[in-house]
Amino acid sequence: MIGGGVVGKACALALRRAGETVLALDPQDPSRPASYGNAGHIAVEQVEPLASPAALASAFGRLFPLGGPLDFRLADIAAWGPWAARFVQASTPAGAAHGRQALKSLLQEALPAWRRLTASLDRPDLLVERGHLVVWESPETARAGLEAWRVADIDQARVSPLSDPLARQVRQWIAAPVAGGAQFENTGQVRDPALVLGLLDDAFTALGGQRRTGRAVQLSVVGRRIEVLLEDGQRLTPERVLVAGGVGSGALLRDLGHVAPVIAERGYHLEGGADHWGDLPPVVFEDRSLILTRFGDRLRAASFVEFSRESSPPDPRKWARLRRHLAELGVRMEGPVAEWMGARPTLPDYLPAIGLSRRADNLYYAFGHQHLGLTLAAVTGELVAALMGGATPAVDLTPFDLDRFARGRDLRKRNAA
């Protein structure tokens, strides 16, 4: 298993529990994976794909120079330019309808899979199921925002106007006005993303799973089977290979002829002491595209959708903007405040890639989960274990086949071969 994020770790553990001998190859990136730095939100309400006419129409008004969360690093246009063209192609009414049904099939299993996973770790407390809140700071955005959520397809989640007791609790901790809000039920959060990653590692090791720090730099096909070249020059010849390496998965699979247009969609957070924040579920300040989540005695503020190369240096303006938002909200973090930036692996249609490669007999993949990596990690682990074990996965994986990005002529040629 190639990868060090929550999706890869969940897959490795599920495979080991299924009786497979598993070597987890973790690159141990200094910045730590996106699943470490996210908001911890189990976002089963996010059924509407971000590749849609609505998202395309609103993109200009959400640009970073205009105060929004969306940014395109000009120096990296060669990386995101072709991706953006594919995103536009995917953002049609038909594409959005297809994406909605595909995401729904995964999201319906997300919370049940997390319940099973945390119970199997003997830590059901890792999953906190008390919903989340969305608030707006002006009457106009409150009316529009609440109506938008009322008509959105949120499937198993439930939304209602923010109750007076919860509104009073929010107002107790912020200085900015709260003109309206919404409360969601049947969503959740993890108690601490870093703790989840550590416990997945511990459970995997306790079951005899093997771990190795190293980076895969090339996959090659030898007699219809994959060999893995490591950065140190060693070559591995495993029985089967699972690529679950986030953004880095694209380069490995493109070397084999796959069309794998994954981009680094980078997010930023600040984290400090939570002495001046209440015991609230995650709170989204939708006017600011900002989410605040409490993890024990720590408070995390997360935002931004920055398209760039994964290796490009972070943009300090993002952390400065987060600090400005917190100051305007009157939210104070105690003690040292940590800065973090990480890359979400995102494909143009905002669907993950989960399946069996047609380039070799022993190559599988699970990556591209965009903002839903944490949300879908547990169910992805179950689906991959079923697929690699020869069973029929509980969810139809056809919409997540990576060859959806191949040109029709090339795909027909490969199938004929």
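How many bridges join strand S15 (residues 283–285) to S16, and in which sense do the two strands run? The structure shown here is a predicted model, and in it three bridges join S15 to S16, with the two strands running antiparallel. One of these pairings can be found by eye, since Phe285 has Leu290 in S16 as its bridge partner. Between the two strands of this hairpin there are four residues, and Ser289 takes a positive phi near 50° there.

Following the chain onward from this hairpin, the reader comes to strand S16 itself, which spans residues 290–295 and is mostly covered, five of its six residues being buried. S16 also pairs with strand S17 (residues 298–308), again in the antiparallel sense, and here the pairing extends over six bridges. Within this pairing Ile291 stands opposite Ala302 in S17. The hairpin of S16 and S17 has two residues between the strands, and in this hairpin Gly296 is the residue given a positive phi, near 65°.

Another group of strands lies earlier in the sequence. Here three strands form an open sheet in the order S10-S11-S12, and the pairing is antiparallel. Strand S10 (216–222) and strand S12 (235–236) are the edge strands, each of them pairing on one side only. Six bridges join S10 to strand S11, which covers residues 225–230, and these two run antiparallel. Two positions help to locate this pairing: Ala216 has Leu230 in S11 as its bridge partner, while Gln218 stands opposite Leu229 in S11. On its other side, S11 pairs with S12 over two bridges, also in the antiparallel sense, and Leu229 has Arg235 in S12 as its bridge partner. Leu229 is thus a useful landmark, standing opposite Gln218 and being partnered with Arg235 in S12. As for covering, S11 is mostly covered, with five of its six residues buried.

The turns of this sheet can be read in the same careful way. S10 and S11 form a hairpin with two residues between them, and Gly223 in the turn has a positive phi of about 60°. Arg224, which lies in the loop between S10 and S11, has a positive phi of about 70° although it is not a glycine. Is Arg224 buried, partly exposed or exposed? Arg224 counts as partly exposed because its relative accessible area is 38%, and the range for that class lies between 20% and 50%. In the hairpin of S11 and S12, which has four residues between the strands, Gly233 takes a positive phi near 95°.

From the strands we can turn to the interior. In soluble globular proteins, nonpolar side chains tend to be buried together. The largest nonpolar core of this model has 55 residues, of which Val6, Ile42, Trp114, Leu242, Val384 and Phe400 touch the most other members. Several elements each supply at least two residues of this core, namely helix H1 (6–17), helix H5 (93–120), helix H8 (193–206), strand S20 (363–367) and helix H11 (373–388). Apart from this core lies another, of 29 residues, among them Val135, Val283, Leu292 and Leu299. Trp114 deserves a separate look: leaving aside its neighbours within four places in sequence, Trp114 is in contact with Ile42, Leu127, Val190, Val196, Leu374, Thr375, Ala377 and Ala378.

Two loop positions can be set beside these interior residues. Asp122 is found in the loop between H5 and strand S4 (127–128), and has a positive phi of about 60° although it is not a glycine. Asp122 counts as exposed because its relative accessible area is 65%, and the cut-off for that class is over 50%. Gly389 lies in the loop between H11 and helix H12 (408–416), and at 52% relative accessibility Gly389 also counts as exposed. Although Gly389 and Leu15 are 374 residues apart along the chain, their C-alpha atoms are separated by 8.3 Å.

Finally, there is an open space to consider. The second largest pocket has a volume of about 380 Å³, and of the 17 residues that line this pocket, Met1, Thr21, Leu23, Pro238 and Arg240 are the closest to its centre. Strand S1 (23–26) and strand S13 (241–243) each supply at least two residues of this lining. By character, the lining divides into twelve nonpolar, two polar and three charged residues.

Technical notes. Residues are numbered from 1 along each chain as its sequence is written. This is a predicted model: local features need pLDDT of at least 70, side-chain atom pairs count only at pLDDT 80 or more; totals for chains, interfaces and linings use all residues. Side-chain values use heavy atoms; hydrogens and water are left out. Two strands pair if DSSP finds at least two bridges between them. A nonpolar core is a set of buried Ala, Val, Leu, Ile, Met, Phe, Trp, Tyr and Cys residues joined through side-chain atoms within 4.5 Å. Buried means under 20% relative accessible area, exposed over 50%, partly exposed in between (1.4 Å probe, protein chains only). Contact means heavy atoms within 4.5 Å. On a 1 Å grid over the protein atoms alone, a cavity is a set of points where a 1.4 Å probe fits but cannot get out, and a pocket is an open set with protein on both sides within 12 Å along at least five of seven lines; lining residues have an atom within 4 Å of a point. Grid points are joined across faces, edges and corners, and a volume is the space filled by probe spheres set on the points. Ala, Val, Leu, Ile, Met, Phe, Trp, Tyr, Cys and Pro count as nonpolar, Asp, Glu, Lys and Arg as charged, and the others, Gly among them, as polar.
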